[in-house]
Amino acid sequence: GTELSPGGQRGDRGKWQKPRISRKSLMKCCLIKWIIDSTTHAQGPGSSDCELELSTVRHQPEGLEELQAQTQFTRKELQSLYRGFKNECPSGLVDEETFKTIYSQFFPQGDATTYAHFLFNAFDMDRNGSIRFEDFVIGLSVLLRGSETEKLRWAFNLYDINKDGCITKEEMLAIMTSIYDMMGRYTSPSVRDDDPSEHVDKFFQKMDRNRDGVVTIDEFIETCQKDEDIMASIKLFENVI
């Protein structure tokens with residue numbers, strides 16, 4: 001993927017520029033592919049960029065300016081994302097079955113059901129069984145263009161399955177196993193069935209610094225930032241969003 005400095009960069013004339021990511025890199029994201037494909041199919045001769053307005057949906061999204069301020073997406077990117085989002089989800093909300101459908105399409109040779117369930121719960125901050133467009137793009141913004149710390153906080157939320165503020169070895173194993181089930185056994189070289197367990201045993205021991213059987217967010221972030229092997233492994237989830 002493309003690494004970006006969280007503070008942006010300076011152009012040739014020294015003017016601060018907002019962090020950007022190429023369309024090619026952006027399209028590596030399954031959720032972005034899903035939206036863009038939908039937008040492409042839905043566009044007709046009379047289609048045009050519009051404000052985030054929809055008269056017949058159950059959920060009315062926030063205004064464009066508010067979302068632009070809360071994310072790293074440009075105005076046109078948000079318009080494009082919303083056009084595809086409302087085409088796929090006319091109600092203005094995404095449910096878990098939609099996530100499962102998306103990932104089963106992108107990983108047809110594996111079982112993406114469990115991973116899609118965990119990923120959906122990470123986006124569903126309100127725990128009400130549906131994801132609003134705002135939560136959707138804010139989460140994508142962190143994953144695709146957030147700082148290293150922001151991405152690690154999001155990853156911690158993914159691994160913290162029961163949302164109690166800490167990660168157990170069982171939770172970490174459940175996430176890693178779901179990723180391997182979806183894509184691991186079809187990688188080259190192939191992975192063994194016990195690889196996820198070995199993976200978690202090694203990393204959890206490093207993360208659980210006070211040996212209390214759980215990993216806090218501070219332990220998680222500090223260990224990831226100091227250990228290149230763990231950071232590379234944790235970043236695996238970035239390749240399957």
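Helices and strands here are DSSP runs, with at least four residues for a helix and at least two for a strand, numbered from the N terminus. The model is predicted.

**Whole chain**

Start with everything shown. The protein has 12 helices and 6 strands. Of its 241 residues, 45% count as buried. The accessible surface comes to about 12600 Å², and carbon and sulfur atoms account for 47% of that. Among contacts between residues at least 6 apart in sequence, 64% join residues at least 24 apart.

**Annotated segments**

Next, select residues 111–146, 147–182 and 195–230, where an unreviewed UniProt entry places the feature "domain: EF-hand". Residues 111–146 are 67% helix and 6% strand, and the C-alpha atoms at the two ends of this segment lie 29 Å apart. Residues 195–230 are 72% helix and 8% strand; here the end C-alpha atoms are 15 Å apart.

**Helix α4**

Move to residues 75–88, which form helix α4. Its 14 residues reach 20 Å from first C-alpha to last, close to the 20 Å expected at 1.5 Å a residue. Colour α4 by accessibility and a buried stretch appears: E77, L78, Q79, S80, L81, Y82, R83, G84 and F85 are buried.

**Cysteines**

Select C30 and C89. C30 has a relative accessible area of 4% and is therefore buried, the limit being under 20%. C89, at 5%, counts as buried too. With a disulfide taken as a pair of cysteine sulfur atoms within 2.5 Å, the count comes to 0.

**Two loops with positive phi**

Go to R127, in the loop between α6 (113–123) and β4 (131–132). What is the sign of phi at R127? The angle is near 60°, a positive value in a residue other than glycine. R127 is partly exposed, with 41% relative accessibility.

Now select R211, found in the loop between α10 (195–207) and β6 (214–216). R211 is not a glycine either, yet has a positive phi of about 55°. Is R211 buried or exposed? Its relative accessible area is 54%, so R211 is exposed, the threshold being over 50%.

**K206 on helix α10**

Step back along the chain to K206, which sits in helix α10. At 33% relative accessibility, K206 is partly exposed. Leaving aside residues up to four places away in sequence, K206 touches T223, D227 and I230. Which of its neighbours does the K206 side chain meet in a polar contact? Show side chains and draw the distance to D227: the polar contact between the two side chains is 2.9 Å. E219 is another residue to mark, 13 residues from K206 in sequence and 9.2 Å away, C-alpha to C-alpha.

**E148 on helix α8**

Finish at E148, in helix α8 (residues 148–159). E148 is partly exposed, with a relative accessible area of 40%. Beyond residues up to four places away in sequence, E148 touches Q225 and M231. The side chains of E148 and Q225 make a polar contact of 3.5 Å. Then add I221 to the selection: E148 and I221 are 73 residues apart in sequence, while their C-alpha atoms are 9.4 Å apart in space.

Terms used
Residues numbered from 1 in each chain as written. Predicted model: local features only at pLDDT ≥ 70, side-chain atom pairs only at ≥ 80, totals over all residues. Heavy atoms only, no water. Buried < 20%, exposed > 50% of the residue type's maximum accessible area, 1.4 Å probe, protein only. UniProt positions renumbered as here; feature names shortened; annotations may be inferred. Expected span 1.5 Å × (residues − 1). Contact = heavy atoms within 4.5 Å. Polar contact = N/O pair within 3.5 Å; in protein donor to acceptor, adjacent residues only side chain to side chain. Areas by Shrake-Rupley, 256 points an atom, 1.4 Å probe, with all protein chains shown as cover.
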